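Please read the following report alongside the structure, beginning with one strand and moving outward to the whole chain.

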Amino acid sequence: MEDRHARPITYLRLSVTDLCSLRCRYCMPAGGVPKRDRRDLCSVEELVETARAAADCGIRKVRLTGGEPLVRRGILDICRGVAAISGVEELCLTTNGLALSQLAGPLREAGVDRLNVSLDTLRPERYAYMTRGGRLEDVFRGLEAAAEAGFSGTKLNVVLMKGFNEDEIPGFVDLARRYPLEIRFIELMPIGQGEAAEFLPAEAVLEACPDLLPAGDSGVARRYRSPGGLGTVGLIAPMSHCFCQSCDRIRVTADGKLKPCLHSDQEIPLRGLRGEALRRVIRDGIAAKPRRHHMNETGHSGAGRNMHQIGG
């Protein structure tokens, strides 16, 4: 299905929880977020039904997000349910990686095709600082478990932050040279807690590693490769190189609100709808997708919620 700006919408980011096992400084409040009543969030059945209705409307790729999706009770049931939907060609999941050492195998068996792991630093002390207590070694154990479980094409999401990890760009690029990973450098967006961190443009990666060669685009990422490298480097630049004109996604929050655009405060309630009524509202939401965000003009996102409440 196309939106009113003739963009094919084929990608659903489905949040399953707003809770997380970390407290990253640009994302979560220091004290975490209050645990909501279970009835305030979509059930396993509601999440699967929403994905099924979205597939009926042309969605072909589903990514499960959070918060941290692996803290969600019933996450394997959600994965199995979505993976079994006719029309869903790819099921992905974004995670901080802490629980992968236990869940990588079960996730693979449940039908997850590919993983994105959020990792903003390769230094244990920096990781502990940024996450307010996380252990970097747990992430690496999770990555090893994912490889052993048969996951390939794993992507590491690195949020660029001036004064925090700009000096680690060559180290991340070297990982993409030595391993079949895609390291995705993502520009920090002025949303929620992220407004307090310092912006670093994605072009800083090319300045730090001038030997990178263009390797074609993949979705919203401009990809590069080191000479002889096994993996790739992706640059995702929503601020300096706005890609709204090719955006193919919608989002559904864990409490059942359809967001046609991440950076709009428009939220369309889906809970309580079934069958054709649900499909009709999703189609209307796709049609209502705005042309572009206005963060460059305003200096902040119009999302209306923090990122963990929407789905990363």
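In this predicted model, the side chains of strand 6 are divided between two directions, with Glu182, Arg184 and Ile186 pointing one way and Ile183, Phe185 and Glu187 pointing the other way. In a regular strand, side chains alternate between the two faces of the sheet. Whichever way they point, all of these residues of strand 6 are buried, where buried means under 20% relative accessible area. Because six of the six residues of strand 6, which covers residues 182-187, are buried, the strand is largely enclosed by the rest of the structure.

Strand 6 pairs with strand 5 and is also joined to strand 9, and the table sets out these two pairings together with an example of a bridge from each.

| Partner of strand 6 | Sense | Bridges | Example of bridge partners |
|---|---|---|---|
| Strand 5 (residues 155-160) | parallel | six | Leu156 and Ile183 |
| Strand 9 (residues 232-236) | parallel | five | Phe185 and Leu235 |

Ile183 of strand 6 is thus the bridge partner of Leu156, while Phe185 has its bridge partner, Leu235, in strand 9; Ile183 and Phe185 are both among the residues that point the same way from strand 6. The connection to strand 5 also involves a helix, since strand 5, helix 6 (residues 169-178) and strand 6 make a right-handed β-α-β unit.

What lies inside the structure in the way of empty space? The structure holds one cavity of 30 Å³ or more, and about 80 Å³ of space lies in the largest cavity. The lining of the largest cavity includes Cys42, Glu46, Glu49 and Thr50, as well as Val252 and Gly256, and it also includes the residues Leu270, Arg271, Gly272, Leu273, Arg274 and Leu278. By class, this lining has five nonpolar, three polar and four charged residues. Helix 1, which covers residues 44-56, provides the largest share of the lining, with three residues.

Taken as a whole, the protein chain has a secondary structure of 10 helices and 12 strands. The radius of gyration of the chain is 18 Å, close to the 20 Å that the globule rule gives for 312 residues, so the chain is as compact as a globular protein of that length. Along its principal axes, the C-alpha trace of the chain spans about 50 × 45 × 40 Å. Of the 312 residues of the protein chain, 54% count as buried, and the six residues of strand 6 are buried too.

Technical notes:
Residues numbered from 1 in each chain as written. Predicted model: local features only at pLDDT ≥ 70, side-chain atom pairs only at ≥ 80, totals over all residues. Heavy atoms only, no water. 1 Å grid on protein atoms, 1.4 Å probe; cavity = no way out; pocket = protein on both sides within 12 Å on 5 of 7 lines; lining within 4 Å. Points joined across faces, edges and corners; volume = space filled by probe spheres on them. Helix = DSSP H or I, 4+ residues; strand = E, 2+ residues; numbered from the N terminus. Nonpolar A, V, L, I, M, F, W, Y, C, P; charged D, E, K, R; others polar. Buried < 20%, exposed > 50% of the residue type's maximum accessible area, 1.4 Å probe, protein only. Pairing = 2+ DSSP bridges. Right-handed = clockwise from strand over helix to strand, strands pointing away. Rg over C-alpha atoms; globule rule 2.2 N^0.38 Å.
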